[in-house]
Amino acid sequence: MLSKSLCERVLSAAASTGADYAELFAEKTFDRSVNMVDKKVNAVNDAVIAGASIRVFKGLRSVAASTVDTSEEGLMRCAKRAAEALGEGTAEMEIVLKERLFGDVHPIKIVPGSVPVKEKIDLLKAGYFAALDYDPCIKQATGVLLDIDHNILIANSEGVYTKDRQIRTRMNITAVAEKDGETQSGGCRPGARMGLELFTEQIDPKDVGREAGRQAVVMAGAGYCPAGTYPVVIDNGFGGVIFHEACGHSLEASSVAYGTSQFCDKLGQKIANEKVTAVDDGTIPNAWGSINIDDEGTPSRRNVLIENGILKSYMIDKFGGRKLNMAPTGNARRQSYSYVTTSRMTNTFIEAGTDENDDIIASVDFGLYAKQMGGGSVNPATGSFNFAVNEGYMIRNGKVCEPVRGAALVGTGSEILMKIDMVGKLLECGQGMCGSSSGSIPTNVGQPMIRVSSITVGGR
Amino acid sequence: MRYEEFKTTVIRAAEKAGLKDYELYYVNSESLSVSAFRHEINEFSSATEGGVCFRCLKNGRMGYASTEELTEEEAEELVRKAAENAAALETEEEEFLGEGGLSYQDIETQSSELPPSEAMTQAVLEGQELLYAADPAVVDGSTTEVMSVKETVAIANSRGLDLSHTMAGTVFVTSAVVKQGDEMNDAYEMKAGPLEETDKKEVVEKAVDDALKKMGAEPAPTGAYPVVFAPKAMASLLSTFSSAFSSEAALRGLSRLAGKEGEKIAAETVTILDDPFYPENLFRLPFDAEGTPAYTKAVIEKGTLNTLLYNLKTAARLQKETTGNASKRGYDGAVEIRPFTMVLKGGDISEEELLMQAGNGVYIDSLQGMHAGANPISGDFSLQSAGFMIENGIKTRPVKAFTVAGNFFELLKNIKGLSDEVKMSGYGLSTTAFAAPAVLAEGLSIAGK
């Protein structure tokens with residue numbers, strides 16, 4: 001990748017019109033996938049994503065320019081474009097880069113790019129056919145095995161020159177079940193910042209397929225969830241999407257710094273039930289949302305966002321930090337060079353609590369048990385969020401009863417945080433792709449089982 | 001290396017590898033965006049991106065590979081990987097490449113030059129002034145932004161196809177944030193088209209007005225009563241369930257419309273067109289992703305499913321003609337099927353008359369969580385909504401934080417009225433877009449308080 005001296009020249013050119021900060025981000029990513037449908041491998045894709053982006057700040061002004069041309073001339077043209085957009089003056093900034101090495105806490109055993117496609121197909125098939133064979137009412141399945149080898153370089157006018165290689169692997173099996181003319185789907189999508197050993201040593205692909213099949217079959221036999229406002233128990237793992245949507249996005253500097261978050265100026269104040277402690281931690285070894293360094297070169301770290309209900313920290317990138325007058329927290333992320341970096345989540349979860357799962361279920365006379373959550377979205381300004389329940393069951397008299405489908409949970413973040421009044425002991429995380437202004441990035445969501453004392457459930 | 005040179009290099013490598021059938025698909029996009037916050041320019045960004053996808057037939061199977069690095073070495077890698085990927089495929093479906101020598105409709109483009117950055121800067125700063133002047137409740141966090149995108153799509157293959165088209169457009173966007181007491185609301189509004197013709201005041205005031213009108217909103221009452229979807233809300237519903245019109249989804253057992261061509265699937269008043277030349281969409285292409293000439297067709301005509309959407313491959317499998325709806329999600333995606341601009345045709349009454357027809361019900365102008373709360377296969381949806389109550393035919397108090405639930409395919413049958421004003425959702429800077437009028441529907445469930 002780009003040499004230190006080349007980066008110094010490019011950064012100097014970028015800062016030549018009076019910038020007080022200049023940054024270069026370069027990337028070369030190998031993106032591969034194997035796809036199955038109708039019992040056959042129907043697509044194998046290879047993509048190379050390569051380019052660079054240059055960003056300069058002057059006070060509270062940011063200019064970004066990106067290019068696919070990473071030759072010296074291409075980079076200098078890009079730097080000039082950024083410099084011209086920032087100002088018309090001339091200035092000189094001395095740039096001396098020093099290579100910084102950060103320990104890689106995410107060991108990779110089997111680099112996916114080194115494995116013949118045939119072996120990947122065999123792994124995917126194991127998962128795919130386990131879904132299809134799970135039950136006679138499974139009529140269709142789709143499967144994807146993808147691996148990403150994301151190589152980044154960051155150099156900036158603070159002297160940082162650093163690189164990271166982020167390898168991620170994920171399998172995504174979807175099963176479609178048909179019962180009495182009704183079709184319903186189920187899915188399972190485990191992933192990690194890990195090589196193919198994720199599916200040769202840690203997770204049996206057959207379990208991935210069987211889980212997708214199980215969900216589809218359960219939901220195909222389910223009736224509609226009744227609409228209303230009542231208690232909801234949300235299981236661990238991907239259930240943590242509730243915190244991600246209801247609260248996480250509103251704690252990103254990209255909304256806090258613009259005054260468009262319900263949690264502005266609330267540091268040190270109680271914003272959640274005292275049972276709630278929530279953390280964003282990008283340092284968990286091999287976790288899906290982990291990063292050694294963020295996309296501005298700041299080392300990742302564990303940030304306690306909420307401690308026993310008290311707001312402790314936001315998630316901050318450099319530009320958001322300027323507006324807030326706060327230091328970056330290692331949360332600057334982007335999908336690729338063509339997006340402008342902003343504050344994002346890594347692995348975000350509610351910490352384990354003290355309640356027993358059985359007690360949580362037993363405490364509900366009439367409510368919903370959300371075993372598997374789907375995705376969701378939020379408007380940080382109003383805090384209003386929504387998400388889908390992929391696999392739900394009614395709870396009656398403290399017991400889990402019949403499965404229900406079509407449920408959606410809606411509410412506002414500040415309200416629901418206060419209503420999380422029971423928190424279980426077993427923390428687990430689930431994998432997601434989070435979409436926002438800087439693109440789609442891998443993030444973990446997580447929590448133990450929780451009870452929300454009351455929430456609006458959409459159904460019919 | 002520039003694309004033309006890269007193209008020649010790839011073709012040479014393909015011929016050397018003994019490939020007879022191959023295609024290059026190229027996208028290059030240049031964009032500029034300027035945003036302002038608190039009366040100052042906040043962010044400026046200028047991006048160029050794009051790449052080349054190469055696909056080739058080997059032993060009857062189509063292999064793909066793509067790259068953003070246009071170098072001599074990558075040209076050979078691209079050909080090698082695509083051929084290798086073809087060899088790994090198991091599908092026995094027949095594959096096709098488009099033929100050259102066809103004729104295409106002319107599309108008038110306003111200008112393919114991006115506006116000067118000074119004009120963009122001036123427009124967003126003017127937008128800021130207008131925002132704060134519009135109402136004392138407007139607070140910091142209200143932003144204005146101008147985005148301008150120019151995109152070139154080119155396809156060349158071994159069958160004599162050699163096409164290229166450039167699209168460009170500019171959009172002025174504002175997000176108004178208003179605060180009264182402890183309550184905060186926001187609303188977006190935008191206008192696509194040349195900056196000098198954009199009435200910024202109108203756009204900004206509409207956003208501020210929309211945000212203010214939502215003050216004091218409460219959940220709508222739980223129950224089953226008439227719903228009027230605002231045009232953009234209806235367009236986003238159509239977008240969410242549009243994959244049901246794909247013949248590929250039908251072939252895979254993933255569409256409830258499979259085998260229903262010629263059947264009545266919607267109310268008599270429902271006509272849905274797929275229009276590649278819809279004027280409000282600035283991103284209009286004369287050809288699809290296989291180079292087939294684009295044309296306008298009725299997907300649903302007076303309630304009857306006239307045709308699904310086809311590409312060369314699905315048309316051959318189902319003994320039909322392609323409808324020219326081959327589409328790629330990005331330059332590096334596989335050839336799939338998507339509409340161009342899908343338009344639910346308007347009726348002959350005004351929105352006010354439609355509300356009178358509804359009598360008492362709810363008007364929904366915001367739907368959220370489409371990717372989570374909707375199942376495109378079954379048609380089931382349960383979506384977070386906001387809007388207004390309709391009382392005696394008039395929009396009254398604002399409502400929010402409730403869900404509307406139903407089934408899209410049943411909704412098509414239960415449409416009781418359509419207004420005469422059709423609006424498009426999105427910026428108009430995407431070849432796939434959706435437009436609809438306001439729609440009165442029955443048979444939906446509201447869950448609120």
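**Chain B and its contact with chain A**

In chain B, take the contacts between residues at least 6 apart in sequence: 72% of them join residues at least 24 apart. The model behind this figure is predicted.

Next, the secondary structure. Chain B holds 22 strands and 10 helices. Its radius of gyration is 24 Å, and the globule rule gives 22 Å for 449 residues. The two values are close, so chain B is as compact as a globular protein of that length. The C-alpha trace of chain B spans about 70 × 55 × 35 Å along its principal axes.

How much of chain B is buried? Of its 449 residues, 61% count as buried, with the cut-off set at under 20% relative accessible area. The accessible surface of chain B is about 17700 Å². Carbon and sulfur atoms account for 47% of that surface.

Now the charges. Chain B carries 70 negative side chains and 42 positive ones. The centres of these two sets lie 5 Å apart.

That leaves the partner chain. The size of an interface is often given as the accessible area lost when the parts come together. Between chain B and chain A, the buried area is about 5100 Å². Carbon and sulfur atoms give 49% of this area. Which three residues of chain B supply more of the area it buries against chain A than any other three? They are Glu68(B), Glu90(B) and Arg252(B), and they supply 12% of the area that chain B buries there. The contact takes 58 residues from chain B and 68 residues from chain A.

How values were computed
Residues are numbered from 1 along each chain as its sequence is written. Chains are lettered from A and ligands numbered from 1 in the order in which they are written. This is a predicted model: local features need pLDDT of at least 70, side-chain atom pairs count only at pLDDT 80 or more; totals for chains, interfaces and linings use all residues. Side-chain values use heavy atoms; hydrogens and water are left out. Helices (H or I, at least four residues) and strands (E, at least two) are DSSP runs, numbered from the N terminus. The radius of gyration is taken over C-alpha atoms; the globule rule is 2.2 Å times the number of residues to the power 0.38. Buried means under 20% relative accessible area, exposed over 50%, partly exposed in between (1.4 Å probe, protein chains only). Contact means heavy atoms within 4.5 Å. Accessible areas come from the Shrake-Rupley method with a 1.4 Å probe; for residues, only the protein chains shown count as cover. Lys and Arg count as positive and Asp and Glu as negative; His and the chain ends are not counted. The place of a charge is taken as NZ of Lys, CZ of Arg, CG of Asp or CD of Glu. Buried area is the accessible area (1.4 Å probe) that two parts lose on being put together, summed over both.
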